[in-house]
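This report walks through a metal site, the cysteines, the nonpolar cores and one helix. Keep the model open while reading.

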Amino acid sequence: MDRLVITAALNGSMPTKEMTPHVPIGPEEIAEDAVRCCQAGAGMVHVHARDHQGKPTLDPEIFAEIHRRISQRSDVIVQISTGGRAGMDTEARAAAVRRIRPEMASLTTGSVNFPDQVFANSTEVIEQLARAMQEAGTKPEMEIFEAGMIDNALRLVDRGLVARPLHFDFVLGLPGGQGATARTLIFLSESIPADSTWTVAAMGRWQLPMAALAIAMDGHVRVGLEDNLYYRRGELATNQQLVARIARIAAELDRPVATPDEAREILALPPHGD
Ligand code: ZN
């Protein structure tokens, strides 16, 4: 089995300081949290940008500042979100990718009902975002909210917009999307090309059991406050605590965590600095 790549989804676009004081909002806070998570075992961080009021934004300059501050202090892989909660204009969602040329960015290959809105991604939108990533040399992480999105991702390969091997993130337990069950995770992981890598992002109380399952299944794991605010029932978590717990479980299961450079090799990213 490969070493385990832990992704820390640090902030998302939903958690506020009122919900948890531990969510990083400003670029410096995000960078500090990224460094702590990397020390705890994360090989990658997934980040969203917020404006000065803490609201989600697609402002490429804020993304660039986050990216710069993290990269100055850590070699952790930075994956930026192209999610639509901060705005649904496609070019605006691609702007940070074009500006930063990050190693990775998220790409949702279909539409899904979120609890508060429809996250609409037409074929045209998906292809436009994929093309921006291709031009920037950014590898997409395919965000899979239901099985048809895997087929949509493979169509991007057929159209020459994405190169294999692909990397998938199976998003489980979001109301409106697929449930967080072992059966679902097995089905999805067996539905992707054999040369692919995959990680699981399960929401709330499913984060820990689905992560443990993924470790045993030779998958990878995403944890963090974007998906889950709690360490256990009634106890707020920090990102670092969530990462450190997965690293401990993985060590017991004989899957030591990957450093950022080992994660690059596992995810077929170019070596750092290239
Ligand atoms: Zn996200």
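What spacing do the donors of the zinc ion follow along the chain? The spacing is H-x1-H-x177-E. The model is predicted, and the values below are computed from its atoms.

## Zinc site

Three residues supply the protein donors of the zinc ion: His 46 through NE2, His 48 through NE2, and Glu 226 through OE, with Glu 226 listed twice. These donors lie 2.0 to 2.6 Å from the ion.

The site has four donor atoms, and the angles among them run from 54 to 132 degrees. Its geometry is irregular. A tetrahedral label needs all angles between 85 and 135 degrees, so the 54 degree end of the range rules that label out. For reference, ideal tetrahedral angles at a metal are 109.5 degrees.

Both histidines are buried. His 46 has a relative accessible area of 2%. His 48 has 11% relative accessibility.

## Cysteines

How many disulfides are there? The count is zero. Cys 37 is in no disulfide, and the nearest cysteine sulfur to its own belongs to Cys 38, 8.8 Å away. Seen from Cys 38, the closest cysteine sulfur is that of Cys 37, and 8.8 Å is too far for a bond. The cut-off for a disulfide is 2.5 Å.

Are these two cysteines buried or exposed? Cys 37 is buried, at 0% relative accessibility. Cys 38 is buried too, with a relative accessible area of 18%. The limit for buried is under 20%.

## Nonpolar cores

The largest nonpolar core holds 78 residues. Ile 70, Phe 168 and Phe 170 have the most contacts inside it. Helix H4, residues 123-136, gives the most to this core: seven residues.

A second, separate core has nine residues, among them Met 44, Ile 77, Ala 258 and Ala 263.

Which residues does Ile 70 touch, leaving aside neighbours within four places in sequence? Its contacts are Ile 30, Ala 31, Ala 34, Val 45, Val 47, Val 76 and Val 78.

## Helix H6

Helix H6 spans residues 182-189. Thr 184, Leu 185, Leu 188 and Ser 189 are its buried residues. They sit on the same side of H6, because they cover an arc of only 120 degrees around the axis. An α-helix has 3.6 residues a turn, so residues three or four places apart point the same way.

What do the buried residues of H6 pack against? Their partners are strands S9 (139-144), S10 (167-172) and S11 (197-202), together with helices H5 (148-158) and H7 (207-216).

How values were computed: Residues are numbered from 1 along each chain as its sequence is written. This is a predicted model: local features need pLDDT of at least 70, side-chain atom pairs count only at pLDDT 80 or more; totals for chains, interfaces and linings use all residues. Side-chain values use heavy atoms; hydrogens and water are left out. Buried means under 20% relative accessible area, exposed over 50%, partly exposed in between (1.4 Å probe, protein chains only). Helices (H or I, at least four residues) and strands (E, at least two) are DSSP runs, numbered from the N terminus. The arc is that of the directions from the helix axis to the C-beta atoms. Contact means heavy atoms within 4.5 Å. Donors are N, O and S atoms within 2.8 Å of the metal (3.2 Å for Na, K and Ca); water is not among the atoms, so sites may look incomplete. Four donors count as tetrahedral if all angles lie between 85 and 135 degrees; four count as square planar and six as octahedral if opposite donors are over 155 degrees apart and all others between 65 and 115; anything else is irregular. A nonpolar core is a set of buried Ala, Val, Leu, Ile, Met, Phe, Trp, Tyr and Cys residues joined through side-chain atoms within 4.5 Å.
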